[in-house]
Amino acid sequence: MSQFAINLIFVGGSFALYIAIAIWARAGTTKEFYVAGGGVNPVMNGMATAADWMSAASFISMAGLIAAGGYANSTFLMGWTGGYVLLAMLLAPYLRKFGKFTVPDFIGDRFYSTGARLVAVACLIIASVTYVIGQMTGAGVAFSRFLEVSSDMGLIIAAVIVFLYAVMGGMKGITYTQVAQYVVLIIAYTIPAVFISLQLTGNFLPPLGLFGTHIESGMPLLAKLDMVVRELGFQDYTADVDNKLNMVLFTLSLMIGTAGLPHVIIRFFTVPKVADARWSAGWALVFIALLYLTAPAVASMARLNLMNTIYPAGPTADAIQYAERPDWMKTWETTGLISFQDKNGDGRIQVYNDTPAFAEKAAERGWNGNELTVNNDILVLANPEIANLPGWVIGLIAAGGLAAALSTAAGLLLAISSAISHDLIKGSIKPDISEKGELLAARISMGVAIVIATYLGMNPPGFAAQTVALAFGIAAASIFPALMMGIFSKRVNNKGAIAGMLAGLISTCVYIFLYLGWFFIPGTASFANTPDNWLFGGTGYGISPLSFGAVGAMINFTVAFVVSSMTEAPPQRIQDLVESVRSPRGAGQAIDH
């Protein structure tokens, strides 16, 4: 059986399962559409939350970025994991106790202002649309390879699948679909990792294999990898980071951005009680850990396998002939995500760090530039092929990568649609809209969001994980401070909250757009996105656009407290509301209002 047929069986079978679940769990009411009826089991909700949160960025792109950047890119791992703990401990139980459907619901009621609700809707939509661009990009990468179509066509196919099961099922259908998707993605991620760890280190546990001995050379795996990349002009894989300020701000931005992500927060409204929200958070952390403990090993082994493929006799020997390149490379070339340019005309594939520091050594070897461009997003998906694993493993990881991308995309699209239909239309424009009308508006707005995300996904502002990091920065600068102040400060009023959210959102978006293009439109950037052009770049401690969310959050907190201190205190009923949310007594059902 051909690899294409195997891929079709795995991918087609998983999609048939997702759509069948969506039909079975079709939402008939707004409560089922928004919060799955509020009766999801904590263990299942933890599994669904893990699938919702472990997106294409986690499954496809994070290991690729760590593989490319080594220790320096482990900030993705640390930030996302730490952020989830922050969300579980500081926000989830209190928001569940508040008992509403959405994040703008909480902000609108806590800050007793329609204006605050509308600003929260804007922040949510901007963050979620940016995030969903990354998911659709990742889905397009996976589809393009495993269905052997262009990346744009893969993205369109992904959009159609999401439309079918997300628009029909709502949160009820999405929840049970995400349970199935988690099972698919975790099996797909760990089985290839186990095989590759056994091949390279003899250890069947990838996290232990990472610190084990490389069988072929007898060296520690990471020392072997350091040696290989160093010989090709790259920084040591385990090298420390020079710009500690940017690393700290980036990690912080990912952490508080995670805690402000509306599509994850909304999951804690789907359980019956506050205690269930806490248990859901704990179970989700267990399910997330299974992948996140494996990702660094997958990244390291993928980088070593790729280098060994190009330089089979070692990095100081000749590279392989382009005509003799392996089949997996030929297949990925058709997607446009791997490209080769023979710059010195020798017919071999030279891969090295094409920088002035390595120019002299490159010239000695007759090289005229790096000749192979590899998109970071393909490494995890290509890893089983690079390691010559069986065809069924390749089909499995195809299904897993798509499950990861589509599960998060569905959750984000639901957050966007609920913000438009519930918070904007019902909350502000047409409060007397019928439940049937609200449900229709939710489905239409989700469909429109899918179209926009698909279009932007064809021209993303970066790799899947980089695009997602931008969304985290926007959520960190706008939503997280409002939630924290809403729960833990009785003094912050409506004027302070609105001013803070706007200040954080605008400052962060402007900084991002300056370097990545206005509204992410290609060719509109005001400055080159290089460290010397960043804020404080001349000092060696520049702040990248991916890290600015933490600065935006500080601006948000500062503006909110200053404006609140200069204006009247919130009404006593609001102060009592804040006290009751923090109190451990009872919890209401999600309110349909």
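Three exercises with worked solutions follow, on cores, aromatic pairs and a pocket.

The model is predicted: local features need pLDDT of at least 70, side-chain atom pairs count only at pLDDT 80 or more, and totals for chains, interfaces and linings use all residues. Residues are numbered from 1 along each chain as its sequence is written, and side-chain values use heavy atoms, without hydrogens and water.

**Exercise 1. Core**

Find the residues with the most contacts inside the largest nonpolar core, and the helix that gives the most to this core.

Solution.
- Start with the definition. A nonpolar core is a set of buried Ala, Val, Leu, Ile, Met, Phe, Trp, Tyr and Cys residues joined through side-chain atoms within 4.5 Å. Buried means under 20% relative accessible area, exposed over 50%, partly exposed in between (1.4 Å probe, protein chains only).
- The largest core holds 177 residues, and F59 and I107 have the most contacts inside it.
- Helix α18 (residues 391–429) gives the most, with 19 residues. Helices are DSSP runs (H or I, at least four residues), numbered from the N terminus.
- Now take I107. Leaving aside neighbours within four places in sequence, I107 is in contact (heavy atoms within 4.5 Å) with Y112, A116, A120, A482, L483 and M501.

**Exercise 2. Aromatic pairs**

Classify the pairs F76–F250 and W283–F287 by ring geometry.

Solution.
- Set the cut-offs. Rings of Phe, Tyr and Trp (its six-membered ring) pair if their centres lie within 6.5 Å; planes under 30 degrees apart count as stacked, over 60 as edge-to-face and the rest as tilted.
- F76 and F250 have ring centres 5.0 Å apart and planes at 75 degrees, so this pair is edge-to-face.
- Place the pair. F76 sits in helix α5 (residues 75–98) and F250 in helix α11 (residues 244–259), 174 residues apart.
- Check burial. F76 is buried at 3% relative accessible area, and F250 is buried at 6%.
- W283 and F287 are stacked: 5.9 Å centre to centre, 25 degrees between the planes.
- Both lie in helix α13 (residues 274–292), four residues apart, so about one helical turn separates them.
- W283 is partly exposed at 33%, whereas F287 is buried at 11%.
- Widen the view: F76, W80, F250 and F472 form one aromatic cluster.

**Exercise 3. Pocket lining**

Break down the lining of the second largest pocket by residue class.

Solution.
- The lining has 26 residues, of which N305, T309, I386, A387 and N388 lie nearest the pocket's centre. On a 1 Å grid over the protein atoms alone, a pocket is an open set of points where a 1.4 Å probe fits, with protein on both sides within 12 Å along at least five of seven lines; lining residues have an atom within 4 Å of a point.
- Sort them: eleven nonpolar, ten polar and five charged. Ala, Val, Leu, Ile, Met, Phe, Trp, Tyr, Cys and Pro count as nonpolar, Asp, Glu, Lys and Arg as charged, and the others, Gly among them, as polar.

How values were computed. Helices (H or I, at least four residues) and strands (E, at least two) are DSSP runs, numbered from the N terminus.
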